[in-house]
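I opened this notebook to keep track of what I looked up, residue by residue, and of what each look-up returned.

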Amino acid sequence: MTPEKVVLTGLLSLMLALPAQLGAQVIAPKAMATLPPAARQAYYQTAFEQQAAQLYAKMGLGAAGLPLGVFREGLVGYYNLRGAGKRPGTPPVLTLIDFSKSSQQKRLWVINVEKAKVLFHTLVAHGKASGADVPLAFSNRGGSEMSSLGFYRTAPSTYNGKHGLSLKIMGLDPGFNTNAESRAVVVHGAEYVCEDFVKAHGRLGRSQGCPALPVAETAAIVRAIQGGSVLYLHGPAQAGYRSQWLNVAGAAAAFAGTRFPG
């Protein structure tokens, strides 16, 4: 076994044997620079995976119906995007929408990552041409009236449109959601996003492709996520979504920058 593999094996064994809250603090920042690149990357990635599991458990996301895999994907994209284009004052907020779930379920989560806190957990509508209760079809094409999967960044500020207080979102996945602006896909409130509509129709009402919210919660949600935060729309496996932002190595390195500065 090469010296690098010996260091790597010993490092991983040590980290996995420690409590999650301690694992990312084993090696001092100055000592980190002396590790072989492969060992350093393995350390960062293990620390990232521990953080993801710890956040998931602490916030009770499993009990709230959010699959660990969906949360992890969102967190990978969040750290990649924070590293790629973080601006001063950007809120440490990740919004997750799980469109593999029924519209009768609360399938939107707004999370403050730094505080490990769920800010909102509520209903959200999908596009009318994506499907009735569970969306199965997705499109980036104008006029499709379908939802578009992938990662988005929110606009700096809200505006008042035909649906009242609204928030523009910029699609970041070519081929999947980059036409969001030209399609006028925005976050807004809608009367058909409520429990009463579900009771009457067996599903939520549907939008023209926008992730529409309950009217009573719209103002608080859009104000919490505005300003360049990350939004991730997850869909069923058969949708064929893929993204450069789901690169775990990049996310681990960006995460390490927040934990091991300098």
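The entries below cover a histidine, the aromatic pairs and a threonine, in that order.

Entry one, the model and H188. I note at the outset that this is a predicted model, and I read each value below as computed from it. I looked up H188 and found its place in strand β7, which spans residues 186-190. Its relative accessible area is 2%, and because buried means under 20%, I entered H188 as buried. I then listed its contacts, leaving aside neighbours within four places in sequence, and found H163, L165 and S166 together with C210, P211, A212, L213 and T218.

Entry two, aromatic pairs. I searched the whole structure and obtained nine aromatic pairs. I took up F176 and Y241, whose ring centres lie 5.1 Å apart with the planes at 80°, so I recorded the pair as edge-to-face. This pair links distant parts of the chain, since F176 is in the loop between β6 (164-171) and β7, whereas Y241 is in the loop between β9 (230-234) and α8 (248-259), and 65 residues separate them. I checked burial for each partner: F176 has 18% relative accessibility and counts as buried, and Y241, at 17%, counts as buried too. Y241 also forms an aromatic pair with Y232, which I entered as tilted, with 6.2 Å from centre to centre and 45° between the planes. Both of these tyrosines, Y232 and Y241, are buried.

Entry three, further rings. I noted one aromatic cluster formed by F48, Y78, Y79 and F255. I also looked at the ring of Y159, and found that the charged end of K168 sits over it, 5.7 Å from the ring centre.

Entry four, T154. Which backbone atoms does the side chain of T154 reach? I found that it reaches the backbone oxygen of I225 at 2.6 Å, and that the side chain of T154 also reaches the backbone nitrogen of G228 at 3.1 Å. The residue has its place in strand β4, residues 150-154, and with 6% relative accessibility T154 counts as buried. Not counting residues up to four places away in sequence, T154 touches L167, K168 and I169, and likewise I225, Q226, G227, G228 and S229. I marked K168 in that list, since its charged end is what I had entered above as sitting over the ring of Y159, and I marked I225 and G228 as well, whose backbone atoms the side chain of T154 reaches.

Key:
Residues numbered from 1 in each chain as written. Predicted model: local features only at pLDDT ≥ 70, side-chain atom pairs only at ≥ 80, totals over all residues. Heavy atoms only, no water. Helix = DSSP H or I, 4+ residues; strand = E, 2+ residues; numbered from the N terminus. Buried < 20%, exposed > 50% of the residue type's maximum accessible area, 1.4 Å probe, protein only. Contact = heavy atoms within 4.5 Å. Phe/Tyr/Trp six-rings, centres within 6.5 Å; stacked < 30°, edge-to-face > 60°. Lys NZ or Arg CZ within 6 Å of the ring centre and 35° of its normal. Polar contact = N/O pair within 3.5 Å; in protein donor to acceptor, adjacent residues only side chain to side chain.
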